[in-house]
Amino acid sequence: MHVPEDAVVSSADVALALASAASQNGVQIYDRTSILHVMVRKGQVTGVETDKGQIQCHYFVNCAGQWAYELGLSNEEPVSIPLHACEHFYLLTRPWETPLQSNTPTIVDADGRIYIRNWQGGILSGGFEKNPKPIFTEGKNQLEIQNLQEDWDHFEPLLSSLLRRMPELETMEIMKLVNCPETFTPDMRCIMGESPSVRGYFVLAGMNSAGLSFGGGAGRYLAEWMVHGYPSESVWELDLKRFGALQSSRTFLRHRVMEVMPLLYDLKVPRWDFQTGRQLRTSPLYDRLDAQGARWMEKHGFERPKYFVPPDKDLLALEQSKTFYKPDWFEIVESEVKCCKEAVCVIDMSSFTKFEITSTGDQALEILQYLFSNDLDVPVGHIVHTGMLNEGGGYENDCSIARLSKRSFFMISPTDQQVHCWAWLKKYMPEDSNLILEDVTWKYTALNLIGPRAVDVLSELSYAPMTPDHFPSLFCKEMSVGYANGIRVMSMTHTGEPGFMLYIPIEYALHVYNEVMSVGQKYGIRNAGYYALRSLRIEKFFAFWGQDLNTLTTPLECGRESRVKLDKGMDFIGRDALLQQKQNGVYKRFTMFILDDHDTDLDLWPWWGEPIYRNGQYVGKTTSSAYGYTLERHVCLGFVHNFSEDTGEEQVVTADFINRGEYEIDIAGHRFQAKAKLYPVTSLFTHKRRKDDVELSDLHGK
Amino acid sequence: MPAPTQLFFPLIRHCELSRIYGTACYCHHRHLCCSPPYIPQSRLRYTPHPAYATFYRPKESWWQYTQGRRYASTPQKFYLTPPQVNSILKANEYSFKVPEFDGKNVSSVLGFDSNQLPANAPIEDRRSAATCLQTRGMLLGVFDGHAGCACSQAVSERLFYYIAVSLLPHETLLEIENAVESGRALLPILQWHKHPNDYFSKEASKLYFNSLRTYWQELIDLNTGESTEIDVKEALVNAFKRLDNDISLEAQVGDPNSFLNYLVLRVAFSGATACVAHVDGVDLHVANTGDSRAMLGVQEEDGSWSAVTLSNDHNAQNEREVERLKLEHPKNEAKSVVKQDRLLGLLMPFRAFGDVKFKWSIDLQKRVIESGPDQLNDNEYTKFIPPNYYTPPYLTAEPEVTYHRLRPQDKFLVLATDGLWETMHRQDVVRIVGEYLTGMHHQQPIAVGGYKVTLGQMHGLLTERRAKMSSVFEDQNAATHLIRHAVGNNEFGAVDHERLSKMLSLPEELARMYRDDITIIVVQFNSHVVGAYQNQES
């Protein structure tokens, strides 16, 4: 790909230009001054302690690059900024016989892992090798950055690929091999935003070697964030709060960045899982599940089962699942989904973030009513699905809240909300010793029993009737399961399928799991993983926060009016914005697409981020997709916009607008016809197993 | 002689041939007992008396065998592929890393690599490694068995317990004894680090325990009450001697269980040398009995490697040993006690466990054999009394203990049986391990600094440097790497795959003629910890 407008910028010159422009506008720059720590009072930045004295301030931005981690730790209340440096080498040569022109294109050879560009008539060439050398793990004082050694042996593979790509360069004379460490983050995305623990403490660091290209935009968003309280785009993927202290171990960072740096030039296949820094947080059932063939993915340090490889499956074939096409787990997940639909499956979902909010009086209810859009003043034992919205009505979090008693609530949110949600609640909760917020994530193991026979399994284990009359949907009860008492059973499954979530105090986890599995045997119970869950929920048109929903999407835009109680009798955050949206209409609409002419076996699969076309016009991108095993079609979820044909301005999207369009989803340049739906359609298609198809193997226990 | 050898073994390269031929001639002249077909037996530990040569199972003589081979072998030899070679070399490899918590490592030992390559079938070498749980320190040892593997197996299972018990303070011994007495759970003494192929004999476990218990009971009784600092050197010597004594006693007393009875006799009538290292902080003790060897790898300031020997071989090449033997026996035996470089003309190592044939009186030997099981009675070898056997014992298991205080430049210790040392010079051993362990770093880093170098020249230089390293990367285990060199080195000291392949595809019956069992343990030290110890004390 040749980009004619491509340009080369000198970072030093840009920095100088910015600095002098800032000085002209009255900014004071202190040269050769080092920060000792940031001063904080009552959770708010008050100033900076430097080796030349104190400087008062309300805002502090930690842009210390590879030292950002150390600087964050230097505070009395440390701010964890998980990033780590790796040595990075690039080569400078003397000018070519006829010096290269300044318009020589910059070349990236991802296969060779190198980049090449003009440098003063010669070339500058570096790369991102497979075996990076992490550095400064023990902190700054280890080695001065100026004294870093050139390492030619380490550079050899990159030099070889340079000469393989351009053999003519052989005669160029070496000027220098520069060792200039770059900073990487645990997920190859930069880190920005406000600290969850210290107000006014902002961070912008960990640019993964793309600081110069991203600097401008990142700076803008950060400035907006500081001025308005939020940036103009959803930047959750870059938010400091996606990490917690748990990603801040030096050993973890050192190992993880060794995997991240080579990724820069690797082909990034869908459903990528990091191999390093794993098995940090696990459920007590980890070993049991692992022994039964679980394959794992990691979210926020927590190991979650993807699917279970049956004992008779060829394991070697499975290791090559890196594909954009139909993956090799297709049949495995199919049988898990089928079991969820026809019998019962158990999924370990312990990674969910779990908070308890209790108070002596009505404080808990009052604050939750203010923070959440749905009405939480429900009878004890009811569960409410609700969004935690921002001023703009957008989702800061999407949770399920069970009212355990008049004065206590149990809140379940996505795994990676542990830091963000906590910070958000803390920000709004009054300083009141009678109102207690507790993170109980680690206290409970969560088992999701999905399927029509879940009722039978549970009633057999509890000697209690579990039918809808006794245990209606979205209901929560503490009951005994097996020998274990005090298990929180909730009639919901996060998938739209019938079943129950069991929140089990961890010491009972193994017992309850064993009981469920042994009693469940006669109902055909088996383990399932998150891939099956994903297929089920997407088929049922369930939006997930972090994938489909973000801080800029409102409940009205995704058909969740029923989860917003504008007239619950008190104000809540985002109410005004939603009222206005209700009046004016929405500018985008969450829609389900069912691919029609897509060949699952032969065509490239949709993963997410595919463009959506309505009557040939681009209207948005998909946010998630999965194969719907009941529909026997691919299902994509995404937001449809209505861009004015003349001005490109966003216009109101009505149900009519959605229904009247002809849709296509573009997968890697090939457009597939798609049916748009605003409501789930699964029930219409329900697939009945034909009598003739039953085999003896269906009688085998799983 | 030379002609057929060359014909039938085209696989032997010139250097190897001359070496073998050299040995052959040497043997031929010195050992009248050796008929030509038995050439390689001079490389065996025992030279059997002609009458009892059957013990060495010449079911088919070597001569016949090679004759047969002439027709069987075709000019196109089959070679093992590199992966096949690797799977043979790596079959017995084992690595242990001392667990490191939170980046803080308090042990002066980083870990060890070990491996062994059989020449005998079954292999007669053994190895052991364990961490002392009730005292500090780690024990590592190689054991070279002869006349079977029974003795080396027993020593590999038992010796470390004897050492560990000898090192235990009085209170701990009491606690353990009380626990046994009152049926409580015992304190664990050793944490073993074993390859799955390194086994323990289940049947003898009870017997061995009882002997060990008797030992610590005696230690408890001997205690005078004053808590004295335990001397590691003394503990090692006592443990060696005590175990050998127990082996001897168990064979004399016998066991009602016929299987065990036969086992203890086999243990006593076979033999084993032992080379054991005890590392505790900066204190390194090496206790050696026999001709295995402990070699320290020292990195000089310029990065080069030098070898420091921490043990003395107990064989005819060691003048002090010859002298000792002569002094221990009457003057008139001076000529017979060491003959043809062997003890009584038979045994190569001058110190060993077991081998009661060189320790017991003739009466005792006869009595035990006669009352022993039939298998023993039928065995010509056990019945055979060494010639010139007048003043036993001729052999001892008492070790020579060397102490070395570790310094930061002491990077590793190689313990290996003579199978390694007879094929490689100690300096080469240390250099190969040192370069392996330090990886790339041994090569001076390249700096362009002021010279006119083109990309092409630099590339050539780097490719060459990498080629040198590639053989290192094949192995994840320093001991495997060393065996690869020991077996596969050509005349230029580089691993030659063809040669390696040939050496490893020798049939079981022939392998012993080209090499001995090789067992290697490479212990790596943590220079930071060693340095920290030094600073603390200075």
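The questions and answers below go through a predicted model, beginning with how it was prepared.

Q: What kind of model is this, and which pLDDT do side-chain atom pairs need in order to count?
A: Residues are numbered from 1 along each chain as its sequence is written, while chains are lettered from A and ligands numbered from 1 in the order in which they are written. Side-chain values use heavy atoms, with hydrogens and water left out, and in this predicted model totals for chains, interfaces and linings use all residues, whereas local features need pLDDT of at least 70 and side-chain atom pairs count only at pLDDT 80 or more.

Q: How many helices and strands are there in chain A?
A: Helices (H or I, at least four residues) and strands (E, at least two) are DSSP runs, numbered from the N terminus. By this rule, chain A has 16 helices and 33 strands.

Q: What percentage of the residues of chain A count as buried?
A: A residue is buried under 20% relative accessible area, exposed over 50% and partly exposed in between (1.4 Å probe, protein chains only). Chain A has 702 residues. The part of them that counts as buried is 52%.

Q: Among contacts in chain A between residues at least 6 apart in sequence, what percentage join residues at least 24 apart?
A: A contact means heavy atoms within 4.5 Å. Taking contacts in chain A between residues at least 6 apart in sequence, the part that joins residues at least 24 apart is 67%.

Q: Is A:His494 buried or exposed?
A: A:His494 lies in the loop between strand E25 (484–490) and strand E26 (499–505) of chain A. Leaving aside neighbours within four places in sequence, A:His494 is in contact with eight residues named as A:Met349, A:Phe352, A:Ser400, A:Met501, A:Tyr503, A:Arg537, A:Phe542 and A:Phe544. Because its relative accessible area is 13%, A:His494 counts as buried.

Q: Which helix of chain B gives the largest share of the largest nonpolar core?
A: A nonpolar core is a set of buried Ala, Val, Leu, Ile, Met, Phe, Trp, Tyr and Cys residues joined through side-chain atoms within 4.5 Å. The largest has 57 residues, and those with the most contacts inside it are B:Leu159, B:Phe160, B:Ile163, B:Leu190 and B:Phe353. Its largest share, eleven residues, comes from residues 150–167 of chain B, which form helix H5.

Q: How many residues does the second, separate core have?
A: In soluble globular proteins, nonpolar side chains tend to be buried together. Here a second, separate core includes A:Tyr307, A:Phe410, A:Met490 and A:Tyr627, and its size is 38 residues.

Q: Which residue of chain B meets A:Glu173 in a salt bridge?
A: A salt bridge is a side-chain nitrogen of Lys or Arg within 4 Å of a carboxyl oxygen of Asp or Glu. The count between chain A and chain B is one salt bridge. At 3.2 Å, N to O, the partner of A:Glu173 is B:Lys452.

Q: Which element gives the largest share of the side of chain A that touches chain B?
A: The contact takes 16 residues from chain A and 16 residues from chain B. On the side of chain A, the elements that give two or more residues are strand E6 (89–93) and helix H3 (152–165). The largest share, seven residues, comes from H3(A).

Q: Which residue of chain A forms a salt bridge with A:Arg250?
A: Side chains of opposite charge can pair when their charged atoms come close. In this pair the closest N and O atoms are 2.9 Å apart, and it links distant parts of the chain, with A:Arg250 in helix H5 (residues 250–263) and its partner in helix H2 (residues 68–73), 180 residues apart. The partner is A:Glu70.

Q: Is A:Asp109 buried or exposed?
A: A:Asp109 forms a salt bridge with A:Arg165, the closest N and O atoms being 2.9 Å apart. A:Arg165 is partly exposed, because its relative accessible area is 49%. At 9% relative accessibility, A:Asp109 counts as buried.

Q: Which residue meets A:Asp151 in a salt bridge?
A: A:Asp151 counts as buried at 19% relative accessibility. The N to O distance in this salt bridge is 2.6 Å, and the partner is A:Lys133.
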